[in-house]
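Please open the model in your viewer and keep the sequence panel beside it, since this tour moves from one selection to the next and says at each stop what is there.

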Amino acid sequence: MEVSVIGNPQARICRAELAYRELGFRFGSDVISGESRNRVSFCNQSSKWKEIAIRCSSRSVKCEAIVSGAASPFLKSTPKSKSLESVKLFVGLPLDTVSDCNNVNHLKAITAGLKALKLLGVEGIELPIFWGVVEKEAAGKYEWSGYLAVAEIVKKVGLKLHASLSFHGSKQTEIGLPDWVAKIGDAEPGIYFTDRYGQQYKDCLSFAVDDVPVLDGKTPMEVYRGFCESFKSAFADYMGNTITGITLGLGPDGELKYPSHQHNAKLSGAGEFQCYDKHMLSALKGYAESTGNPLWGLGGPHDAPAYDQQPNSSSFFSDGGSWESQYGDFFLSWYSSLLTSHADRVLSVASSAFSGIGVPLCGKLPLLHQWHKLRSHPSELTAGFYSSNGQDRYEAIAEIFAKNSCRMIIPGMDLSDEHQSPESLSSPESLLGHIKTSCKKQGVVVSGQNSSTPVPGGFERIVENLKDENVGIDLFTYQRMGALFFSPEHFHAFTVFVRNLSQFELSSDDQASEAEVEAETASIGSGTGAPSLQTA
Amino acid sequence: MSTVPIESLLHHSHLRQNSKIYRGTRSFFIPCSLNLPSHFTSTKLLHSIRTSVGASSKHRRSVAVRASSSDTAVVETAQSDDVIFKENFPVQRIEKAEGKIYVRLKQVKENNWELSVGCSIPGKWILHWGVSYVGDTGSEWDQPPEDMRPPGSIAIKDYAIETPLKKLSEGDSFFEVAINLNLDSSVAALNFVLKDEETGAWYQHKGRDFKVPLVDDVPDNGNLIGAKKGFGAIGQLANIPLEQDKSSGEVQKKSESSSDSTKERKGLQEFYEEMPISKRVADDNSVSVTARKCSETSKNIVSIETDLPGDVTVHWGVCKNGSKKWEIPSEPYPEDTSLFKNKALRTRLQRKDDGSGSFGLFSLDGKLEGLCFVLKLNENTWLNYRGEDFYVPFLTSSSSVVETEATEAAQVSKHSKKTDKEVSASGFTDEIITEIRNLANDIHSHKNQKTNVKEVHENILQEIEKLAAEAYSIFRSTTPSFSEESILEAEAEKPDIKISSGTGSGFEILCQGFNWESNKSGRWYLELQEKADELASLGFTVLWLPPPTESVSPEGYMPKDLYNLNSRYGTIDELKDTVKKFHKVGIKVLGDAVLNHRCAHFKNQNGVWNLFGGRLNWDDRAIVADDPHFQGRGNKSSGDNFHAAPNIDHSQDFVRKDIKEWLCWMMEEVGYDGWRLDFVRGFWGGYVKDYMDASKPYFAVGEYWDSLSYTYGEMDYNQDAHRQRIVDWINATSGATGAFDVTTKGILHTALQKCEYWRLSDPKGKPPGVVGWWPSRAVTFIENHDTGSTQGHWRFPEGKEMQGYAYILTHPGTPAVFFDHIFSDYHPEIAALLSLRNRQKLHCRSEVNIDKCERDVYAAIIDDKVAMKIGPGHYEPPNGSKNWSVAVEGRDYKVWETS
């Protein structure tokens with residue numbers, strides 16, 4: 001109805017506003033000024049509110065902290081929760097958080113979203129940082145402003161930040177490699193991965209050029225090092241306090257793999273080998289000659305299926321097929337060694353660039369669960385995961401991670417076998433178990449991620465994975481913030497998930513009353529605020 | 001301040017036509033609530049009055065500004081002035097008249113007694129009364145015997161009599177009526193309420209009818225007058241001391257013969273009681289503002305003229321830079337001007353010579369953008385325009401804005417930003433301080449309580465929901481790849497027809513099965529049953545029944561004992577039968593659940609009505625703490641307060657547990673399929689989700705009704721903020737309920753009434769209401785028992801109802817049709833539209849493409865199979881592959897379907 005009244009409703013709005021300040025604006029000592037949300041006419045509160053703002057200690061806004069401080073007997077009765085409690089939860093920011101012209105996209109939404117997540121008890125945020133945005137125009141010319149702005153927001157909200165340095169492009173957000181790199185690529189397409197049809201994958205440089213000075217006389221590794229060092233100095237103020245993790249992009253989509261699924265229209269096939277660029281072919285030739293089989297170095301396997309073909313539609317991946325032959329072992333060993341050495345190069349560059357800042361480094365593996373039930377594991381082979389003589393194909397990788405003291409991020413923790421289509425012979429659960437075991441053997445710490453699109457039963461599966469005593473996962477990054485993430489259906493499910501993680505039922509009254517929480521949750525900042533208002 | 005403002009009630013949908021009279025005492029004051037329905041018939045007249053907090057005056061210090069004649073602005077009145085703004089703002093001033101009501105019982109002869117009721121306030125008073133006979137139970141009234149009715153009485157329905165109060169003689173200060181009581185009859189008690197015909201307000205006694213007992217065993221529900229029990233507050237007012245009747249215990253309860261009844265009445269005593277009463281009289285006045293641009297001096301001359309009586313002070317500031325922040329202009333000022341806290345100016349208007357009001361002239365720099373003001377009548381009475389400051393814009397073109405910025409900035413730079421911004425807040429400062437103090441106190445006092453944790457968590461949860469909703473709405477609109485509906489709806493739609501409490505099957509059509517008068521017959525359930533077959537054949541799938549519980553007001557929206565389902569609409573058995581009957585014809589039934597407030601049964605030791613009885617015998621812990629009138633000891637309200645009854649504190653576990661149990665009981669016992677939730681603004685949507693999870697309704701819809709936004713009396717084109725609030729609420733319930741699409745109704749009002757059909761498309765080419773953002777949760781309607789019926793708080797433009805139905809019955813969302821419209825001349829047209837909707841299987845997520853949206857015509861194509869237009873303009877659906885044929889046609893609307 002159209003009648004509104006000056007007196008009471010405004011008072012109510014004041015109250016709402018106060019509540020907002022109370023909960024959203026002060027965490028520990030961080031003061032968040034925030035943009036003005038007023039619908040009331042008194043706009044300039046920043047000065048007065050400061051004095052009367054109510055501080056919530058981080059204890060009061062972090063659900064898990066309340067539990068840990070409060071109901072330890074309760075926790076003992078459920079031993080499973082012990083490991084869950086120590087899991088730190090991160091949420092990924094949208095891929096297009098910073099646009100390629102260095103603007104922060106949907107800033108307001110992100111700010112509100114971050115506050116919501118902070119209140120929910122989320123530990124931190126993952127921020128994808130694109131090479132193509134920061135070093136867009138020219139080699140060595142870095143523009144960090146957009147990402148710095150995001151880091152500042154994250155810091156103010158009181159969340160941790162996990163930076164993902166992405167040396168790949170993303171079709172989804174239309175952020176490619178830097179313009180100057182793309183220009184070089186136009187003239188010299190050999191720097192890109194190429195399949196047997198001669199098609200280039202332009203969102204990532206070929207592993208074969210890692211140490212070839214193809215970028216204006218510099219090798220990609222040198223360029224990556226420069227990027228890392230620039231990042232380190234630009235974000236020096238945040239290192240160790242806000243930034244608590246750095247992920248290095250190891251290949252397409254940031255994952256350590258060949259872009260074997262260039263045309264992932266249906267993902268029905270196992271993907272194709274990507275060894276047909278100039279540098280790959282010459283490396284293959286050299287390797288073949290050195291091993292005494294020069295004829296094997298003329299190209300990739302001739303009997304591998306095409307992108308859209310079933311793996312066993314041709315002879316390479318079938319039982320007793322080429323992959324098990326001597327040639328197969330020759331080719332696959334070489335193909336996977338390039339992947340392993342690429343991981344080693346990038347991680348060594350990063351660990352030397354970031355040495356001494358005390359922020360752990362991470363690298364991400366793919367979870368190539370399709371066709372996992374075939375003996376040949378074709379999806380993994382085309383992506384570069386192979387080990388001769390039936391040895392563990394992930395152990396060599398884990399060893400590299402261990403050597404560089406890197407954590408390994410494994411995605412797909414939300415996937416369960418029962419929801420996979422039976423025709424794909426897929427088994428995310430067993431593959432995940434396999435990789436985790438390899439990591440455990442090598443002493444590599446594992447962090448988890450979900451697959452990027454929500455799947456049925458995903459949250460339950462994640463919780464199960466995190467509960468796994470065998471490999472203690474202490475960090476999980478949920479992908480990814482956006483409209484879908486905050487849609488009522490999804491966000492509600494996410495809230496429940498977070499509560500389950502911390503084993504804290506916010507809605508359960510029994511626990512709340514049982515919990516003997518120290519009453520330091522709220523204290524008034526200053527008593528002088530109100531009187532000073534009167535005279536104002 | 002000894003009175004409690006009623007304003008907060010005025011924007012409330014449940015403003016019923018009943019009011020209460022409370023016994024005021026010196027120690028506390030209960031609001032005397034009455035509404036003034038007659039003033040709400042036209043939205044044009046709406047506006048509000050602000051009452052500032054009484055204590056505020058102490059802190060206000062005005063600084064006088066030198067106002068010698070030399071400094072005084074000289075007002076130029078050049079002939080060549082261009083009028084740049086002229087507006088006549090209607091304002092309503094509400095005056096409070098205080099007086100008293102008396103009730104006197106006296107013995108004329110042995111068995112002849114006389115009851116007189118009088119009122120000292122002028123008005124057209126009507127005594128609305130009935131009697132209870134010996135042996136009657138319950139609160140129903142009966143008509144009195146003929147010989148008791150004074151001349152001039154009119155019978156209303158079959159249970160009440162209306163008798164006007166008259167001045168006995170000219171010099172008399174009281175309006176009176178006297179009723180002769182013959183005690184030989186078997187009348188056990190006399191029930192009445194007072195009605196003021198002028199305002200339509202009803203005056204009750206403690207929220208109930210006045211009841212004068214004539215026998216001893218009349219059940220005391222706390223509303224007896226002159227009874228021997230429960231004098232409490234009456235005692236100090238009654239002039240005649242009454243003695244306790246020792247014999248009351250001996251009185252035989254069972255007796256039918258007249259001799260016995262005489263015996264029973266031996267305890268009857270004369271009495272005289274007075275009760276204070278206050279009545280608010282609204283005076284319509286106007287403020288006319290004319291702004292001229294003086295070409296010679298390039299000044300803006302504003303003249304403010306009003307017919308408000310008494311001293312009128314204009315509290316004003318000027319605006320620049322496109323914002324409506326108040327700033328102080330440079331001198332000179334008009335006469336009689338003082339500076340108020342460096343933030344605003346106060347100018348007292350000059351009285352007109354003929355005493356018919358006041359006027360004032362303001363000469364202002366030509367570069368300013370506008371003048372903001374509010375009117376101050378006295379310390380406690382402020383007038384503004386529909387909740388906003390009056391605003392007089394000067395600039396007509398934006399070209400001069402830049403220039404203004406530059407020059408003005410320098411001029412006003414000495415006023416720091418801080419104070420400038422606080423200007424408009426000055427009136428609220430005290431309230432803010434109070435709020436802050438309350439908050440601070442709350443937190444302090446909770447510091448050592450265990451409940452603290454829970455409360456903090458709930459606050460946090462609320463905050464999280466709010467923030468997530470905010471993030472969602474922005475992401476949704478800024479993510480280019482995200483088509484608004486697709487993802488959200490696709491998820492919900494995975495199974496083809498998925499029943500969810502927010503949408504039902506998605507193909508629901510709602511019928512509101514009652515109006516404001518339905519309680520009058522006392523047998524509404526039975527009457528409705530007879531219509532079941534017809535409603536089913538019309539194509540309705542869901543019926544919304546009136547609130548079923550015992551209620552202090554006959555319409556049911558002031559529930560008391562939630563487990564007593566005997567109401568003015570019928571008995572619980574009749575209700576059950578009705579539900580069964582409708583189930584038989586395939587219609588689901590919604591119960592009207594009033595969860596925000598509940599009327600108390602008993603008073604606490606302070607005499608405040610805040611203790612409940614019945615099966616849910618809650619105490620004051622179940623009442624929110626921030627409504628001072630009911631002295632609740634619960635937590636602060638998680639929403640807005642409804643001031644006429646104690647607001648239930650849903651944050652209390654026992655309350656929620658009881659409510660869930662009650663909802664489940666209603667499902668089980670009555671057979672309801674879902675809920676219509678009353679006044680859900682009053683508490684957090686998350687609790688609603690909780691209730692829905694517990695009761696698992698087939699369909700549920702909440703009433704979240706607040707004001708649309710207006711600028712200078714014009715409805716704003718963009719009502720996104722309004723629909724956002726509704727969407728936020730739905731969001732807070734996690735989509736477990738739909739909500740009435742008040743936004744769409746409001747926009748239709750203006751579009752149809754003023755022939756502004758262009759309003760019916762938002763900038764993105766979607767419907768501008770909730771239905772454009774979240775169609776599956778929008779319950780579209782054009783009228784209900786509050787907005788229309790005999791209340792008419794916000795009536796749909798008359799004669800244009802069918803255009804409204806042509807819109808909502810073809811568009812996505814779940815349409816709701818009002819009972820009065822179905823059984824009116826519109827019947828055949830509504831039937832045709834309903835049949836079309838069902839025939840073409842339009843549903844709550846149907847896709848709407850707006851084809852034409854101009855001044856005088858709006859046209860849209862829905863799901864590629866139905867085309868519609870409303871408005872006088874011309875439209876034909878595009879000739880293409882489709883073969884359109886006219887399905888329904890009427891005044892200013894036309895609907896086609898593909899054949």
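In what follows, a residue is called buried if its relative accessible area is under 20%, exposed if that area is over 50%, and partly exposed in between. The model on your screen is predicted.

**Stop one: a stacked pair in chain A**

Begin with the aromatic rings, of which 65 pairs are counted over all chains. Select A:Tyr287 and A:Phe330, whose rings form a stacked pair with a distance of 5.2 Å centre to centre and an angle of 15° between the planes. This pair joins distant parts of the chain, for A:Tyr287 belongs to helix H12 (residues 278-290) of chain A and A:Phe330 to helix H13 (residues 326-353) of chain A, with the two positions 43 residues apart. Colour the two residues by accessibility: A:Tyr287, with a relative accessible area of 29%, is partly exposed because that value falls between the limits of 20% and 50%. A:Phe330, at 7%, is buried.

**Stop two: two tryptophans in chain B**

Move now to B:Trp705 and B:Trp794, which also form an aromatic pair of the stacked kind, with 6.0 Å centre to centre and 25° between the planes. Here too distant parts of the chain are linked, and the partners are 89 residues apart: B:Trp705 lies in the loop between strand E30 (699-702) and strand E31 (710-711) of chain B, while B:Trp794 lies in the loop between strand E34 (778-781) and helix H17 (801-808) of chain B. Both B:Trp705 and B:Trp794 are buried.

**Stop three: lysines over rings**

Staying in chain B, select B:Lys531 together with B:Phe823, and you will find the charged end of the lysine over the ring of the phenylalanine, 4.8 Å from the ring centre. Then select B:Lys588 with B:Tyr698, where the charged end of B:Lys588 sits over the tyrosine ring at 4.5 Å from its centre.

**Stop four: the cysteines**

How many disulfides does the structure hold over all chains? The number is zero. Two cysteines can be selected here as examples: A:Cys275 is buried, with a relative accessible area of 0%, and B:Cys844 likewise counts as buried at 0% relative accessibility.

**Stop five: a cavity lined by both chains**

A search of the whole structure finds 14 cavities of 30 Å³ or more, and the one to display next is the second largest, which holds about 110 Å³ of space. From chain A, select A:Phe486, A:Pro488, A:Phe491, A:His492 and A:Thr495, and from chain B add B:Glu465, B:Ala468, B:Ala469, B:Asn731, B:Ala732 and B:Ser734, and you have its lining. The elements that contribute two or more residues to this lining are helix H19 (488-502) of chain A and, in chain B, helix H7 (451-478) and helix H14 (720-732). Helix H19(A) gives the largest share, four residues. Coloured by residue class, the lining of the second largest cavity divides into six nonpolar, four polar and one charged.

**Stop six: backbone details in chain A**

Return to the backbone and select A:Gln479 and A:Arg480, between which the peptide bond is cis, with omega near 0°. A:Arg480 is placed in the loop between strand E13 (475-478) and helix H18 (483-486) of chain A.

Which value does phi take at A:His106? Phi is near 30° there, a positive value in a residue other than glycine. A:His106 lies in the loop between strand E4 (88-92) and helix H7 (107-120) of chain A, and is buried, with a relative accessible area of 12%. A:Ser405 also has a positive phi, near 45°, and is likewise a residue other than glycine. Its place is in the loop between helix H15 (395-403) and strand E11 (406-410) of chain A, where A:Ser405 is exposed, with a relative accessible area of 59%.

**Stop seven: two C-alpha distances**

Finish with the distance tool. In chain A, A:His168 is found in the loop between strand E6 (160-166) and helix H10 (179-187), and is buried, with a relative accessible area of 7%. From A:His168 to A:Cys204, which is 36 residues away in sequence, the C-alpha to C-alpha separation is 4.8 Å. In chain B, select B:Ala155 in strand E7 (residues 154-156), a residue that is partly exposed at 42% relative accessible area. The C-alpha atoms of B:Ala155 and B:Gly130 are separated by 9.7 Å, and the two residues are 25 residues apart along the chain.

Terms used:
Residues numbered from 1 in each chain as written. Chains lettered and ligands numbered in written order. Predicted model: local features only at pLDDT ≥ 70, side-chain atom pairs only at ≥ 80, totals over all residues. Heavy atoms only, no water. Phe/Tyr/Trp six-rings, centres within 6.5 Å; stacked < 30°, edge-to-face > 60°. Buried < 20%, exposed > 50% of the residue type's maximum accessible area, 1.4 Å probe, protein only. Lys NZ or Arg CZ within 6 Å of the ring centre and 35° of its normal. Disulfide = S-S within 2.5 Å. 1 Å grid on protein atoms, 1.4 Å probe; cavity = no way out; pocket = protein on both sides within 12 Å on 5 of 7 lines; lining within 4 Å. Points joined across faces, edges and corners; volume = space filled by probe spheres on them. Nonpolar A, V, L, I, M, F, W, Y, C, P; charged D, E, K, R; others polar.
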